[in-house]
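Below are some remarks on the coordinates you sent round, set out as numbered points. Please read them alongside the sequence and the structure.

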Amino acid sequence: MKKTGAKFGKPLVGVIMGSSSDWVTMEHAANTLRALGVPFETRVVSAHRTPDLLFEYASSAERRGIAVIIAGAGGAAHLPGMAAAKTVLPVLGVPVESKALKGLDSLLSIAQMPGGIPVGTLAIGKAGAINAALLAGAILGIQHTEFREAVRKFRSTQTLKVLANPNPASGTAMQKKTTKKKAKKKLA
């Protein structure tokens, strides 16, 4: 289990995934948590291949100091729901894009939880992983102002990036590519 978060001495967010191949998506959650300064741990915990490990992980998370679980899964995507069934901690489900149905199957599996076992369902893929980390930061921000301020700074930075380039056709990489293509055509 990879852990990060020296200031707190223990992780506050558990980032779990059903398979190591899900890391391509879940790495974005880890990177965002790292950017926010939120201590976290990562672990492969399969709902189908290691159900006992999943039950132990989810049922012990609160006792170990975890405050939020981010669970990414593809296909049948039972991981977030099964984790939520074993803990009262907030569980944020990230649908991992699948080959067959491009993540729609994962999204519907995570979103269709029965009343009484909530899972916060995010967008499919990278955007969902990033937003799960931001939502975890916001949840932690209720008690820890440093995380609330980190989320605020993240959002402010996004705003400044948009305002700094309101017209993407002027002076950007896209314009430079177009100019290069025109120059190549003139030489030909």
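1. I begin with Glu27, which in this predicted model is found in helix 1. Its relative accessible area is 33%, and Glu27 therefore falls in the partly exposed class, whose range lies between the limits of 20% and 50%.

2. Glu27 also gives a long-range relation along the chain: its C-alpha atom and that of Ile130 are separated by 9.0 Å, although the two residues are 103 residues apart in sequence.

3. Thr32 has its place in helix 1 as well, the helix that runs over residues 23–36. With a relative accessible area of 8%, Thr32 is buried, because the class takes in values under 20%.

4. What does the side chain of Thr32 meet through a polar atom? A polar atom of that side chain lies 2.8 Å from the backbone oxygen of His28. Once the neighbours within four places in sequence are left aside, Thr32 is in contact with Ile130, Ala133 and Leu134, and Ile130 is also the residue whose C-alpha atom was paired above with that of Glu27.

5. Turning to the aromatic residues, a search of the whole structure for aromatic pairs finds zero. Rings do, however, appear beneath charged groups: Arg64 lies over the face of Tyr57, at 4.7 Å from the ring centre, and the charged end of Lys86 sits over the ring of Phe55, at 5.0 Å from its centre.

Conventions
Residues numbered from 1 in each chain as written. Predicted model: local features only at pLDDT ≥ 70, side-chain atom pairs only at ≥ 80, totals over all residues. Heavy atoms only, no water. Phe/Tyr/Trp six-rings, centres within 6.5 Å; stacked < 30°, edge-to-face > 60°. Lys NZ or Arg CZ within 6 Å of the ring centre and 35° of its normal. Helix = DSSP H or I, 4+ residues; strand = E, 2+ residues; numbered from the N terminus. Buried < 20%, exposed > 50% of the residue type's maximum accessible area, 1.4 Å probe, protein only. Polar contact = N/O pair within 3.5 Å; in protein donor to acceptor, adjacent residues only side chain to side chain. Contact = heavy atoms within 4.5 Å.
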